[in-house]
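User: Could you take a close look at one part of this model and explain how it sits within its surroundings? I would like a single connected account that I can follow with the coordinates open.

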Amino acid sequence: MKPPKFSYLRPNNLQEALDMLAEYGDDAKIMSGGQSLIPLLNMRLSTPGYIIDIGRVEELKGIKEEEDAIVIGGITRHVDVEKSALVQEKCPLLTEGIRWVGHNQIRTRGTIGGSIAHADPSAELPCILTALRGEIVMVSSEEEITVSPEEFFLSYLLTSLEPNQLIKEIRFPKIKKGSGYAFEEVARRHGDFALVEVAVVIELDDDGTIADAKIALGGANSVPFIPEAAEEFLIGKLPDDSILKEAATLQLDDLDPEGDIHGSKEYRRYLSGVLLERALNRAIDRAREGVFA
Amino acid sequence: MSNCNVKIKINGEVIEKEIESRWLLSDFLRDKLGLTGTHVGCEHGVCGACTILLNGEPVRSCLMLAVQADGLEVETVESLAEEDGTFHPIQQAFANNHALQCGFCTPGFLMSVKNFMETHPELPTDDEIREAISGNLCRCTGYSNIIKAVKDAYVLKC
């Protein structure tokens with residue numbers, strides 16, 4: 001398994017990268033860590049004429065704090081997010097979930113923008129970003145556009161990213177004080193892609209009722225799935241075991257996971273309910289610790 | 001530009017070469033430099049046999065183009081033993097504890113463990129070791145002796 005021939009371009013700054021994309025976009029692939037693209041090249045599932053390696057474009061690297069969000073540059077590596085004290089403090093759902101991305105040897109190369117752009121429905125970052133209702137900032141030589149995960153993820157490995165655009169940064173909303181969060185996943189082995197994964201953020205009112213519920217499921221559909229009816233069902237309720245069980249199973253029929261040798265459609269659907277119930281319980285426990293501490 | 005000039009520091013020696021941009025780092029090391037200690041198993045990032053250190057951090061050399069290492073520092077398993085053949089403490093610990101049978105996966109384990117020991121100077125728990133080597137597959141040992149060897153390496157290096 002060897003990559004096909006391509007021309008290798010390595011821009012030194014964002015403007016150069018965007019100029020190259022404008023010129024070669026249709027026949028070019030953006031690469032930084034290469035942890036998704038190189039396997040595709042090795043297996044010759046992708047045969048671009050040009051590879052634009054943005055791995056050294058410093059403007060696309062880094063983690064910064066804004067009022068409502070942690071903003072992470074597209075080529076920031078998983079390992080840098082995993083170890084960030086700022087992310088742990090302001091968006092701990094991301095810290096909890098990113099440890100599930102591959103192995104250390106993958107996270108030392110893999111990037112946040114790469115995981116989002118690859119749009120594998122079983123990958124952790126698209127699910128987490130969707131649960132948080134984050135945003136993706138895309139840039140071309142002409143304009144900068146910010147989109148929601150629902151606008152960005154179109155289908156299995158397919159996004160709204162145009163050939164002349166790249167991901168500049170991703171905005172992960174902060175988790176508010178008094179909120180709880182949880183990430184749950186089942187994979188065949190640690191480091192494998194998820195069979196199913198769930199990310200949850202719950203906000204409680206002072207009286208203990210649910211003020212807001214944000215949920216996303218990964219691996220259960222061709223894009224991260226938001227169970228809107230379950231979210232609405234939870235809001236205003238005082239959570240107990242039966243309510244959480246009902247919420248967790250409310251929309252299982254709306255899920256359409258791919259069945260394969262590793263798990264049937266029915267198993268993944270069942271697992272979605274189990275993981276969602278677990279995640280809701282953990283998120284609410286954490287929110288209670290915050291609210292009543 | 002399907003060919004590129006690169007300058008990579010490999011096991012302490014600076015190598016300057018014109019290479020094809022599509023060459024994987026693993027193939028460059030093995031086929032062009034003769035550093036066949038880096039083993040190539042699955043060639044798509046699953047098995048970990050090709051793990052090397054890039055600027056001190058473990059990476060899969062099959063999931064990286066050689067040209068991407070331009071200007072950076074690479075360490076392979078050949079850098080571990082001393083010139084007279086004396087084993088590195090991690091290699092000695094693997095030998096003492098029968099932590100390899102066929103040995104195909106061993107170079108990847110050794111490089112992963114080297115970084116782990118450098119970043120975790122205190123004696124780790126079994127669970128921490130299991131997590132650290134979770135990106136390396138071994139089909140012979142069942143891992144128990146590898147975990148023993150990692151703990152022993154902490155003793156040997158003191």
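Analyst: What follows looks closely at chain B, and then turns to chain A and to a residue that touches both chains.

The model is a predicted one, and the values below should be read with that in mind. Chain B has five helices and five strands, and along the sequence these follow the pattern β-β-α-β-β-β-α-α-α-α. Its radius of gyration is 16 Å, close to the 15 Å that the globule rule gives for 158 residues, so chain B is as compact as a globular protein of that length. Taken along its principal axes, the C-alpha trace of chain B spans about 50 × 30 × 25 Å.

The interior of chain B can be described in two ways. By accessibility, 54% of its 158 residues count as buried; by contacts, 57% of those between residues at least 6 apart in sequence join residues at least 24 apart. On the outside, the accessible surface of chain B comes to about 7000 Å², with 49% of it belonging to carbon and sulfur atoms. Chain B carries 13 positive and 22 negative side chains, and the centres of these two sets lie 4 Å apart.

Helix H1 of chain B, residues 25–32, shows how a helix is set against strands. Its buried residues are Leu25(B), Ser26(B), Asp27(B), Phe28(B) and Leu29(B), and the buried residues of H1(B) pack against strands S1 (3–10), S2 (13–20), S3 (51–54) and S5 (73–75) of chain B. Just after H1(B) comes Gly34(B), which takes a positive phi of about 75 degrees.

Helix H5 of chain B, residues 144–156, has helices for its partners: the buried residues of H5(B) pack against helix H2 (89–96), helix H3 (106–119) and helix H4 (126–132) of chain B. The buried residues in H5(B) are Asn145(B), Ile146(B), Ile147(B), Ala149(B), Val150(B), Ala153(B) and Tyr154(B). The length of H5(B) can also be checked, because at 1.5 Å a residue its 13 residues should span 18 Å, and its end C-alpha atoms are indeed 18 Å apart, which agrees.

Chain A provides the other half of the picture. There are twelve helices and 13 strands in chain A. With a radius of gyration of 19 Å, close to the 19 Å from the globule rule for 293 residues, chain A is as compact as a globular protein of that length. Its C-alpha atoms fill a box of roughly 60 × 45 × 30 Å along the principal axes, and 56% of its 293 residues count as buried. Among contacts in chain A with a separation of 6 or more, residues 24 or more positions apart account for 62%. The accessible surface of chain A is about 12400 Å², 47% of which belongs to carbon and sulfur atoms, while its 32 positive and 50 negative side chains have centres 8 Å apart.

Pro39(A) brings the two chains together in one place. This proline lies in helix H2 of chain A, residues 37–42, and because its relative accessibility is 10%, Pro39(A) counts as buried, the cut-off for that being under 20%. Leaving aside residues up to four places away in sequence, Pro39(A) touches Gly34(A) in its own chain, and His44(B) and Leu63(B) in chain B. The C-alpha atoms of Pro39(A) and Pro3(A) are separated by 8.6 Å, although these residues are 36 apart along the chain.

Notes:
Residues are numbered from 1 along each chain as its sequence is written. Chains are lettered from A and ligands numbered from 1 in the order in which they are written. This is a predicted model: local features need pLDDT of at least 70, side-chain atom pairs count only at pLDDT 80 or more; totals for chains, interfaces and linings use all residues. Side-chain values use heavy atoms; hydrogens and water are left out. Helices (H or I, at least four residues) and strands (E, at least two) are DSSP runs, numbered from the N terminus. The radius of gyration is taken over C-alpha atoms; the globule rule is 2.2 Å times the number of residues to the power 0.38. Buried means under 20% relative accessible area, exposed over 50%, partly exposed in between (1.4 Å probe, protein chains only). Contact means heavy atoms within 4.5 Å. Accessible areas come from the Shrake-Rupley method with a 1.4 Å probe; for residues, only the protein chains shown count as cover. Lys and Arg count as positive and Asp and Glu as negative; His and the chain ends are not counted. The place of a charge is taken as NZ of Lys, CZ of Arg, CG of Asp or CD of Glu. The expected span of a helix is 1.5 Å times one less than its number of residues.
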